[in-house]
Amino acid sequence: MSGFRMKSVEFRREREKDWAELERLIAEAEKKGLQNMSARDLAALPVHYRAALSSLSVARAISLDANLLLYLENLSNRAFIKIYGVRHRLGEVFLLFLNRRFPAEIRAFRWLVLLATLILALGAVSGYVQVMHDPDNYYNLVSVDYAQGRDPSASTEELREVLYDQDATFWGGLAHFTSFLFTHNSQVGILCFALGFALGLPTFYLLFITGQILGAMSALHHQHGLLLEFLAWVFPHGVTELSAIIICGAAGLALARALVFPGRRRRLASLAAMGRRAGLMVLGAVGMFAVAALIEGLFRQLVHPVPIRLAVVAVTAVLWAWYFTRVGRAGRLDPAGPVVPEDRIVSEGRPGREGPP
Amino acid sequence: MSAVTRPAGAAATERTIHRLITPEGVPLDLEVALAGDRLAAFLIDALIILGACLLVFFLTSLTGKAEFMSLGLIAFFLLRNFYFMFFEHRWQGTTLGKRSRRLRVIDAQGGQLTVEAIIVRNLTRDIEIFLPLIMLLAPQALWPEAPFWARPLAGLWGLVLGLMPLFNRQRRRVGDLVAGTMVIATPQVALLGDLAATATASATASATNTGPSPDDEAGAGAARPVRGHVFSRAQLSVYGIYELQVLEKVLRAPSSDEMDRQLAAIRDKICAKIGYSEPVPHDYEFLKDFYAAQRAHLESRLMLGERREDKFAGTDPAAQEDGSKPGRNKPGQA
């Protein structure tokens with residue numbers, strides 16, 4: 001026992017045990033995960049966390065021991081991260097997302113969805129008119145890889161052959177085709193969203209050229225008298241796929257809007273708030289791309305009669321329309337679900353009000 | 001107690017601090033992750049993804065069937081897009097790579113790290129990595145008929161997106177900005193012994209008997225065979241907090257011959273500076289005593305609301321004469 005009666009020394013002597021206990025709890029949480037901790041430890045964690053915060057505040061005021069200050073700072077940081085880490089279970093979030101959040105977000109962003117649709121439609125009209133006017137324009141609009149022989153030099157028979165592809169009836173090829181379609185389209189959709197960060201111009205561009213390709217191909221088939229067959233070929237999966245592209249585009253535009261017109265918030269806060277919402281929409285769209293790829297890879301190659309194909313177009317259109325307009329209406333009245341980023345960021349600088357577990 | 005991952009007691013000077021206020025209202029200083037550490041963590045993760053993909057492709061190509069080949073394609077897509085999301089959700093903002101570099105994702109505002117923040121910060125990786133890479137390596141693939149002036153512009157734009165972390169102090173990449181997250185370093189600091197608690201010395205107000213002194217009766221040293229060194233108030237008014245903490249660092253360093261020479265040099269310097277003329281039998285014990293006395297003095301001033309940052313600060317006449325010296329003359333540099 002030294003003769004010193006320094007407050008900082010006594011303070012440390014008194015609290016040291018608490019800190020060691022918190023350190024043990026953190027180690028436990030790191031090893032087992034919060035879910036598998038014993039009930040007593042779990043209850044003790046936030047208590048010791050607050051005690052450590054209080055120790056830190058006191059130490060900052062009375063102690064000049066650099067190691068002690070650094071240690072308490074570090075201990076508080078580690079406990080803070082444990083307590084304010086990810087808490088929600090994926091399955092729970094996923095279900096809530098499907099039957100509430102996703103359609104509700106689409107409705108909340110309906111003007112941007114409309115804008116994205118408009119851009120896509122403008123692209124389609126422009127592609128259609130250009131190719132009808134002069135078939136050679138087709139080469140400017142559709143790349144050779146993508147066309148795969150479907151260009152103005154192709155005969156009507158060749159075009160028809162693609163529409164009623166008889167070769168692709170073995171399952172392996174189909175599965176391969178499907179997975180390629182899914183991964184490729186999803187990647188483009190994610191890109192469409194992410195490019196919103198670049199003020200949205202690339203998003204506009206991607207939407208527009210997607211429309212142009214569609215328009216150009218329609219025109220090509222129209223010139224060969226195959227328009228209806230072509231539409232029946234594109235739209236069974238196209239309804240789903242184009243909706244997904246439009247949603248990704250709208251999400252990208254939402255990002256751009258948050259950056260360019262942040263409103264009363266600071267620009268970064270506005271971007272972060274919008275980004276989290278828009279990113280969820282993209283995730284929903286990735287799910288839609290999977291559905292579209294299944295339809296495209298399996299159904300379209302196996303079922304050829306035009307009326308059935310058109311019936312599928314109608315069914316998917318009605319289903320999606322119902323999903324986006326009707327499902328999850330109650331969700332808007334119930335903001336208590338676990339996924340509520342919006343109001344958390346509105347109050348600037350004021351961090352989340354959710355308490356520790 | 002946990003392992004030390006940084007020289008104990010040393011606050012690394014180059015670290016950037018991000019201060020956030022916890023929901024409990026206490027400011028916490030977090031250490032922003034270094035760009036190099038983040039790159040290393042990403043490369044580790046990328047290698048793991050690549051290795052897993054190659055493995056899946058290899059296994060599926062063994063079967064030679066197209067159905068299984070398509071599995072490889074889907075596995076690649078899932079790994080590329082969901083590897084980071086999965087681990088950052090599962091492991092509280094860390095991945096394998098981040099764990100190895102002791103990095104962690106947190107909410108930049110100090111709130112709960114949400115699932116959607118994790119999703120969003122990983123959806124933008126394409127425009128941060130693949131797009132800039134393609135622009136640098138094969139710009140014609142993206143934009144075949146680009147006019148000559150557009151290529152460098154597009155390349156520059158891609159670089160800005162990819163190198164975004166280098167343009168802000170908090171090293172946030174595009175995904176961090178969009179999701180409102182940031183990555184911090186989480187080193188572990190061990191609690192070392194309290195140097196002041198084991199010191200034998202005492203501070204007395206012997207030189208200036210005026211004013212209250214909290215340590216009047218200190219130094220009785222009942223348990224100690226030797227009475228420690230005694231410093232006067234004037235002697236303790238020379239140095240400030242900065243010098244105190246440099247001295248702490250020196251005292252906490254592992255002992256060696258080199259260290260002993262340094263201690264002797266520092267002891268000489270301090271003795272000369274504060275005018276301590278009594279014999280010093282042991283350098284380390286003397287410095288430890290001086291540290292304890294100095295800390296007690298500065299802390300008691302601190303409680304009276306006077307924080308003396310270093311030897312150049314303050315109103316003490318003893319310190320005024322040194323103020324003219326250019327530069328900092330740290331006791332730790334001998």
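1. Before anything else, one term: two residues are in contact if their C-beta atoms, placed from the backbone, lie within 7 Å. Keep that in mind for a helix of one chain that meets a sheet of the other: helix H3 of chain A, residues 66–83, lies across S2 and S3 of chain B. Against S2(B), the helix runs at about 90 degrees. One caution as you read on: this is a predicted model.

2. Now for chain A as a whole. How many helices and strands does chain A have? The tally is 14 helices and zero strands, so if you write out the pattern along the sequence you get α-α-α-α-α-α-α-α-α-α-α-α-α-α. Of the 357 residues in chain A, 46% are buried. Look at contacts with a separation of 6 or more in chain A, and 81% of them are between residues 24 or more positions apart.

3. Let's zoom in on one residue of H3(A). Ala79(A) sits in that helix. Is Ala79(A) buried or exposed? Count the other C-beta atoms within 10 Å and you find 26; the cut-off for buried is 20 or more, so Ala79(A) is buried. Setting aside neighbours within four places in sequence, Ala79(A) is in contact with Leu22(A), Ile26(A), Tyr49(A) and Ala52(A). For contrast, try Leu114(A): it is 35 residues along the chain from Ala79(A), and their C-alpha atoms are separated by 46 Å.

4. Next, a pair of packed helices. Two packed helices are described by the angle between their axes and the distance between the axes. Here the pair is helix H5 (residues 110–133) and helix H11 (residues 227–260), both of chain A, with an angle of about 120 degrees and axes 8 Å apart. That angle makes H5(A) and H11(A) oblique to each other, and H5(A) passes H11(A) in a right-handed crossing. If you want to find where they touch, the residues from H5(A) include Leu112(A), Leu115(A), Ala116(A) and Leu120(A). On the H11(A) side, look for residues including Leu242(A), Ile246(A), Gly249(A) and Ala250(A).

5. Two helices are good for checking lengths. Helix H10 of chain A (residues 201–223) has 23 residues, which at 1.5 Å a residue should span 33 Å, and its end C-alpha atoms are indeed 33 Å apart. After H10(A) comes Gly225(A), with a positive phi near 70 degrees. In chain B, helix H12 (residues 283–303) has 21 residues and reaches 30 Å from its first C-alpha to its last, close to the 30 Å expected. Just after H12(B) there is a glycine too: Gly305(B), with a positive phi of about 90 degrees.

6. Back to the sheet in chain B. In what order do its four strands come? They go S1-S2-S4-S3, in an open sheet with antiparallel pairing. Strands S1 (17–21) and S3 (103–107) of chain B stand at the edges, each with a single partner strand, so one side of each has no neighbour in the sheet. From one strand to the next, the twist averages 50 degrees.

7. You can walk across the sheet pair by pair. Strands of a sheet pair through backbone hydrogen bonds, either parallel or antiparallel. S1(B) and S2(B), residues 27–32, run antiparallel and are joined by five bridges; one to look up is Arg19(B), whose partner in S2(B) is Asp29(B). The hairpin of these strands has five residues between them, and there Gly25(B) takes a positive phi near 90 degrees. Two bridges then join S2(B) to S4(B), residues 181–185, again antiparallel, and here Glu31(B) is partnered by Ala185(B). Lastly, S3(B) and S4(B) are antiparallel with five bridges, and Arg104(B) has Ile184(B) as its bridge partner.

8. A final look at S4(B). In a regular strand the side chains alternate between the two faces of the sheet. Which residues of S4(B) point which way? Thr181(B), Val183(B) and Ala185(B) point one way, Met182(B) and Ile184(B) the other, and all are buried. That fits with S4(B) being mostly covered, with five of its five residues buried.

Notes:
Residues numbered from 1 in each chain as written. Chains lettered and ligands numbered in written order. Predicted model: local features only at pLDDT ≥ 70, side-chain atom pairs only at ≥ 80, totals over all residues. Pairing = 2+ DSSP bridges. Axes fitted to C-alpha atoms, helices over the stretch in contact; angles between N-to-C directions. Expected span 1.5 Å × (residues − 1). Buried ≥ 20, exposed ≤ 12 C-beta atoms within 10 Å, placed from the backbone. Parallel < 35°, antiparallel > 145°, perpendicular 65-115°, else oblique. Left-handed = near helix turned anticlockwise from the far one by under 90°.
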